[in-house]
Amino acid sequence: MYLLVGLGNPGPQYASNRHNIGFMVVDEIARVHNFGPWRRKFQGEVCEGQIGPHKALLLKPTTYMNESGRAVTEACRFYKIAPKDVFVFHDELDLAPGKVKAKLGGGVAGHNGLRSTSAHIGNEFHRVRLGIGHPGRERVTQWVLGDFAKADREWLEPELDALAKAAPSLLEGDLGRFMTDYSQILSPPINGHKKPKSADKREPSSKGGEAAAGTSKQTSKEASKPAATPSGSAAEDAAPRNAMAEALMRLVSPKKDK
């Protein structure tokens with residue numbers, strides 16, 4: 001049994017908060033993998049199901065963020081789940097919106113939900129860090145407890161879908177494979193090939209950080225160059241033909257009266 005925990009705060013007033021992106025991920029996992037109904041247990045909401053060949057329990061603690069570890073440790077104790085088989089999805093201020101990183105173990109980086117979880121089961125659990133961006137120190141509380149904007153849905157919904165579909169490789173413990181699968185689901189190749197770069201995209205040149213546009217248009221300097229004149233055998237062939245034409249013209253032209 002694997003335990004997948006989404007961190008957040010309970011209640012409809014928090015449902016769309018940036019701080020609740022962990023709840024959003026496990027909700028999407030439950031939907032994509034056809035889990036059973038949610039029910040109240042372990043000081044949270046849980047549902048069970050299969051992710052690939054693996055049996056998994058999804059958990060949304062209802063203890064509020066600062067006490068998330070209480071729900072996590074109860075579920076682990078009941079099912080005898082080791083910390084290494086726990087995967088916690090949480091918001092991350094230090095990652096740009098839409099950026100995702102996964103790791104095993106590590107610090108809590110000031111996140112109260114991670115701090116509580118670590119206090120109850122130790123540090124050796126997996127963390128899936130979900131970037132929400134940093135608004136500046138003075139606005140952190142307002143930011144994390146604020147709702148995602150409508151414009152955020154353009155990256156948020158595809159991210160949630162890709163995370164849910166890549167979950168089987170996450171449970172295999174291969175974080176590199178998980179991130180690869182996530183990236184490919186989010187931006188699939190075209191006909192088995194990588195997407196081509198736009199022709200108009202500017203890339204730095206090897207000199208002085210200059211940029212060059214990937215187009216085939218002539219520069220004004222090139223356009224002003226005179227056309228090349230014939231040379232070699234082509235020029236030699238043209239000379240006799242011109243001389244013969246001039247001779248014929250003299251023969252057929254009427255002589256002017258003196």
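Contacts between residues far apart in sequence are the first item to display: in this predicted model, residues 24 or more positions apart account for 63% of the contacts with a separation of 6 or more. With the whole protein still selected, colour by secondary structure; 8 helices and 9 strands appear. A surface view of the protein exposes about 15700 Å², of which carbon and sulfur atoms supply 52%. Of the 258 residues, 37% count as buried.

**The sheet**

Select next the strands of the open sheet. It contains 7 strands in the order E2-E3-E4-E1-E5-E7-E6, and their pairing is mixed. At the edges lie strand E2 (39–41) and strand E6 (100–104), each of which pairs on one side only. Viewed across the sheet, neighbouring strands are turned by 30° against each other on average, with direction ignored.

**Strand E1 and its two partners**

Select residues 2–6, which form strand E1. Are the residues of E1 mostly covered or mostly uncovered? The strand is mostly covered, since 5 of its 5 residues are buried. Show the side chains to see how this cover is distributed over the two faces: Tyr2, Leu4 and Gly6 lie on one side, Leu3 and Val5 lie on the other, and all of these are buried.

Add strand E4 to the selection. E1 and E4 pair in the parallel sense over 4 bridges, and within this pairing Tyr2 stands opposite Ala56 in E4. Then add strand E5, residues 86–92, which also pairs with E1 in the parallel sense, over 4 bridges. Two positions are useful as landmarks here: Leu3 stands opposite Val86 in E5, and Gly6 stands opposite Phe89 in E5.

**The helices that pack on the sheet**

With E1 and E5 still displayed as parallel partners, select residues 21–32, helix H1, which packs on the sheet. The helix touches E1, strand E3 (44–51), strand E4 (54–61), E5 and strand E7 (126–131). The direction of H1 makes about 145° with that of E4.

Helix H2, residues 68–79, is the next selection, and this helix also packs on the sheet. Its contacts are with E1, E2, E3, E4 and E5. Relative to E4, the direction of H2 makes an angle of about 150°.

**A salt bridge within helix H1**

Return to helix H1 and select Glu28 and Arg31, which lie 3 residues apart, about one turn of the helix. Their side chains meet in a salt bridge with an N to O distance of 2.6 Å. Which of the partners is buried and which is exposed? Glu28 is buried, because its relative accessible area is 15%, under the 20% cut-off. Arg31 is exposed, with a relative accessible area of 52%, over the 50% cut-off.

**A network of salt bridges**

The count for the model comes to 10 salt bridges. Select Asp27, Arg40, Glu45 and Lys60 together; these residues are linked in a network of salt bridges.

Centre the view on Glu45, which counts as partly exposed at 25% relative accessibility. Arg40 forms a salt bridge with Glu45, and the closest N and O atoms are 3.8 Å apart. Arg40 itself counts as exposed, at 61% relative accessibility.

Turn then to Lys60, which forms a salt bridge with Glu45 as well, with the closest N and O atoms 3.7 Å apart. Lys60 lies in strand E4 and Glu45 in strand E3, so the pair ties together parts that are 15 residues apart in sequence. Lys60 is buried, with a relative accessible area of 9%.

**The cysteines**

For the last stop, select Cys47 and Cys76. How many disulfides does a search of the whole structure find? The search finds 0. Cys47 is buried, with a relative accessible area of 0%. Cys76 likewise counts as buried, because its relative accessibility is 8%, under the 20% cut-off.

Terms used:
Residues numbered from 1 in each chain as written. Predicted model: local features only at pLDDT ≥ 70, side-chain atom pairs only at ≥ 80, totals over all residues. Heavy atoms only, no water. Buried < 20%, exposed > 50% of the residue type's maximum accessible area, 1.4 Å probe, protein only. Contact = heavy atoms within 4.5 Å. Areas by Shrake-Rupley, 256 points an atom, 1.4 Å probe, with all protein chains shown as cover. Pairing = 2+ DSSP bridges. Axes fitted to C-alpha atoms, helices over the stretch in contact; angles between N-to-C directions. Disulfide = S-S within 2.5 Å. Salt bridge = Lys/Arg side-chain N within 4 Å of Asp/Glu carboxyl O.
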